[in-house]
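Here are some short exercises to work through with the structure open. Try each one yourself before you read the solution.

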Amino acid sequence: MTSLTVNDTDGLVPRLQEQYRNLRIVGADVEKIFEGTGLNDLFSSRKWVMNAKWPAVKLSDLIRVALLWRWGGFYTDTDTVCIKDVSPLRNVISFSNNRRNLISNGAFQFQHHHKFLELLMEVQTKSFKPASWGSLGPEAVSTVAKKMCNVKDLKNLNGSRDDAVECGDLTLLPPKYLLPLDWTQNKRLFAKGSGEYFFSKFNSTFVIHMFSAVSRNKKAHIGENSIYEIAAKTFCPVTFEHATAGSDTF
């Protein structure tokens with residue numbers, strides 16, 4: 001977190017820390033994180049915040065890369081529900097959709113100092129566009145994926161849309177693993193009865209993205225067995241119990 005304090009007015013944080021002993025809430029010194037990385041010049045220039053739209057999004061797009069370059073690991077947006085152990089994943093990133101024309105930066109795993117991250121920092125620095133939402137995100141990671149896979153168009157990659165594509169020690173995963181539903185399908189996450197079918201079909205999925213930017217005002221109803229309800233109840237039991245106390249929606 002870039003904040004040094006946590007808003008715990010609802011008392012959820014201590015409940016989570018009591019249940020999950022490996023949960024750590026860490027305050028980040030952002031300047032130190034970027035220091036010595038390929039992103040330091042861009043960060044220090046403040047171009048991502050001056051005369052730029054969505055500065056928080058741009059900082060997030062940058063800091064996730066710097067963190068993984070330093071230490072490696074699995075990154076995922078905060079509006080996701082993890083439904084499967086991600087520890088087997090190695091040096092992977094996902095297509096945004098089944099058309100395989102764009103890469104998502106919402107969830108990925110890399111070893112520290114991986115070549116993909118090195119190239120990504122170069123592309124983010126050179127190709128930054130203040131008015132573009134995705135210039136540091138999907139546009140940048142797609143550019144690097146094309147370079148590492150030696151293609152001008154991702155659609156030209158071999159294999160079916162359900163196949164993973166390996167380019168050296170980089171693996172491009174089909175959406176079913178890290179992005180089973182894209183943002184245009186966000187209503188399905190809350191649809192009555194959608195959960196049972198989803199969890200029977202997508203048994204290889206690691207995370208579900210909730211797309212809070214477009215779904216933040218939607219409510220899930222207890223007992224309707226939506227994708228979100230089953231995921232939250234099964235994989236986030238402490239938060240689910242806390243959020244639904246005395247309510248039939250969450």
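**Exercise 1.** Find how far apart the mean positions of the positive and negative charges of the chain are.

*Solution.* Start by counting: this predicted model has 31 positive and 25 negative charges. Next, take the mean position of each set; the two means lie 6 Å apart.

**Exercise 2.** Work out whether the chain is as compact as a globular protein of its length.

*Solution.* First, get the parts list: there are 11 helices and 7 strands. Now take the radius of gyration, which is 19 Å. For 250 residues the globule rule gives 18 Å, and the chain's value is close to that, so the chain is as compact as a globular protein of that length. To put a frame around it, the C-alpha atoms fill a box of roughly 50 × 45 × 35 Å along the principal axes.

**Exercise 3.** Describe what is buried, what is exposed and how far along the sequence the contacts reach.

*Solution.* Begin with burial: 45% of the 250 residues count as buried. Then look at the outside, where the chain exposes about 13,800 Å², with carbon and sulfur atoms supplying 50% of that area. Last, take the contacts with a separation of 6 or more: 69% of them are between residues 24 or more positions apart.

**Exercise 4.** Place Asn 105 in the fold, decide if it is buried or exposed, and find its side-chain partner.

*Solution.* Locate it first: Asn 105 sits in strand 4, which covers residues 103-110. Its relative accessible area is 8%, and the cut-off for buried is under 20%, so Asn 105 is buried. Now check the neighbours, leaving out residues up to four places away in sequence: Asn 105 touches several residues, among them Arg 64, Tyr 75 and Leu 136. Asp 61 is on that list too, and its side chain makes a polar contact of 3.0 Å with the side chain of Asn 105.

**Exercise 5.** Look at the loop between helix 3 and helix 4, and work out what is unusual about the phi of Arg 46 and of Trp 54.

*Solution.* Recall the background: most residues other than glycine have a negative phi. Arg 46, in the loop between helix 3 (40-45) and helix 4 (55-71), has a positive phi near 65°. Trp 54 is in the loop between these helices as well, and its phi is positive too, near 50°. Finally, check accessibility: Arg 46 is partly exposed at 37%, and Trp 54 is partly exposed at 39%.

Note on methods: Residues numbered from 1 in each chain as written. Predicted model: local features only at pLDDT ≥ 70, side-chain atom pairs only at ≥ 80, totals over all residues. Heavy atoms only, no water. Helix = DSSP H or I, 4+ residues; strand = E, 2+ residues; numbered from the N terminus. Rg over C-alpha atoms; globule rule 2.2 N^0.38 Å. Buried < 20%, exposed > 50% of the residue type's maximum accessible area, 1.4 Å probe, protein only. Contact = heavy atoms within 4.5 Å. Areas by Shrake-Rupley, 256 points an atom, 1.4 Å probe, with all protein chains shown as cover. Lys, Arg positive; Asp, Glu negative; His and termini not counted. Charge placed at Lys NZ, Arg CZ, Asp CG, Glu CD. Polar contact = N/O pair within 3.5 Å; in protein donor to acceptor, adjacent residues only side chain to side chain.
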